[in-house]
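Please find below a short note on this model, set out as numbered points. The structure is shown first.

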Amino acid sequence: MEKIFYTRTGKMALGSRLRMLSTLFTEEAEKIYEQNRIPVRAKWFPVFYMLSQNEEKTITEIAQEIGHSQPSVSRIIREMTAKGLITENKKSGDKRQNRVALSAKGKTLVPRVLDQCTDVHNAVEELIRDATHDLWEAIEEWEFLLERQPLSSRVLKQKKIRESSQVRIVNYEPKYKTVFRSLNEAWISQYFELEEADIQALNHPDKYILGKGGFILVALYEKQPVGVCALIKMDDPDYDYEMAKMAVAPEAQGKNIGKLLADAIINKAKELGASRLYLESNTRLKPAINLYYKLGFKKIHNRPSPYKRANIQMALDLKAH
């Protein structure tokens, strides 16, 4: 029944499946100690092995070397001490700094435990030969990959991919006038203040953007408008259009909507035969600036701007993009 359950849940239950496998190995390990009549618990092995190297160690040192928490190691030390396997050198009032070592009784078990280690090693090698996949090598590889990028960040990446696939970019319609204004007013007011050029473009997009040969694109998520971006026609010898008025609703951020809007605006500019695209921003808006650099925009200098808040200007060569 357990295997049927994990087949149905799939990779979502990976942690539970691994715990089940871990429990199976732990139970088998206990049996191995019992059949060899060695009075050691399986969970004590990491601590026992560290101390079998004839070194005194503190609980802190043991915890760091075997990757256990200090409370966990302390519990094991107490259990082993109760069985007469460990002696404690209490030179400090802090128990974590007390040095512990195997007792004489504990040391007599070392040869038998090491023989058992040899048998377990050979048994696992046999299991690996019988198996199609080498679990030991797979564990090492998975640990390496998860150290490079944790599962939580990988899941977040997949969430963004899934959610961004549900985003639709559509052309502006009059029904989106309010959301175009409100989304832009929200972020501008949060960081700066509305300026005259903002008020004109946001209150009258038909006149100041669309009527001058520009375009506005709207991002829909679950059929609701959550993002906007404008392509404004420029009367400039160096630049054809400006990418401007990009805004994404706070509740929709993290879904890659800014990137999708920017890509769509760039493609629209290319369709219109533009060769260079211009934008203005502020370095306080770090996520936006990082996005522009990723898209291929490069910083330029000494351009006049109608906005007091603009402290960075960038351009994109569409022919090289």
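The points below take up the sheet, the helices packed on it, a helix pair and two buried charged residues.

1. The model is predicted, and the remarks that follow should be read with that in mind. Its open sheet consists of seven strands in the order β4-β5-β6-β7-β8-β10-β9, with mixed pairing. At the edges stand β4 (167-171) and β9 (298-300), each of which pairs on one side only, and from one strand to the next the twist averages 30°.

2. At one of these edges, β9 pairs with strand β10 (residues 312-317) in the antiparallel sense, and three bridges join the two. Within this pairing, Ile-300 stands opposite Gln-313 in β10.

3. Helix α12 (residues 257-271) packs on the sheet, where it touches β4, β5 (215-221), β6 (224-233), β7 (241-248), β8 (276-281) and β10, and its direction makes about 35° with that of β6. Helix α13 (residues 286-295), for its part, lies across β7, β8, β9 and β10 and runs at about 25° to β10.

4. Helix α9 (residues 177-191) and helix α10 (residues 196-203) have axes that come within 9 Å and cross at roughly 160°; because angles over 145 degrees count as roughly antiparallel, α9 is described as roughly antiparallel to α10. On the α9 side the contact is made by Lys-177, Phe-180, Arg-181, Asn-184, Glu-185 and Ile-188, and on the α10 side by Asp-198, Ala-201, Leu-202 and Asn-203. Sorted by class, the residues of this contact are four nonpolar, two polar and four charged.

5. Which side chain does the side chain of Glu-163 meet in a polar contact? Glu-163, a residue of helix α8 (residues 151-164), has a relative accessible area of 7% and is therefore buried. Its side chain makes a polar contact with that of Lys-255, at 3.4 Å. Leaving aside neighbours within four places in sequence, Glu-163 is in contact with Tyr-221, Gly-254 and Lys-255.

6. Arg-309 is found in the loop between β9 and β10 and, with a relative accessibility of 13%, also counts as buried. A polar contact of 2.7 Å joins its side chain to that of Asp-198, a residue of α10 that takes part in the contact with α9. Apart from neighbours within four places in sequence, Arg-309 is in contact with Trp-187, Ile-188, Phe-192, Glu-193, Glu-195, Asp-198, Lys-245, Ser-281 and Asn-282; among them, Ile-188 belongs to the α9 side of the helix contact.

Definitions and conventions: Residues are numbered from 1 along each chain as its sequence is written. This is a predicted model: local features need pLDDT of at least 70, side-chain atom pairs count only at pLDDT 80 or more; totals for chains, interfaces and linings use all residues. Side-chain values use heavy atoms; hydrogens and water are left out. Axes are lines fitted to C-alpha atoms, for helices over the stretch in contact, and angles run from 0 to 180 degrees between N-to-C directions. Helices (H or I, at least four residues) and strands (E, at least two) are DSSP runs, numbered from the N terminus. Angles under 35 degrees count as roughly parallel, over 145 as roughly antiparallel, 65 to 115 as roughly perpendicular and the rest as oblique. Contact means heavy atoms within 4.5 Å. Ala, Val, Leu, Ile, Met, Phe, Trp, Tyr, Cys and Pro count as nonpolar, Asp, Glu, Lys and Arg as charged, and the others, Gly among them, as polar. Two strands pair if DSSP finds at least two bridges between them. Buried means under 20% relative accessible area, exposed over 50%, partly exposed in between (1.4 Å probe, protein chains only). A polar contact is a pair of N or O atoms within 3.5 Å; within protein, one must be able to donate a hydrogen and the other to accept it, and residues adjacent in sequence count only if both atoms are side-chain atoms.
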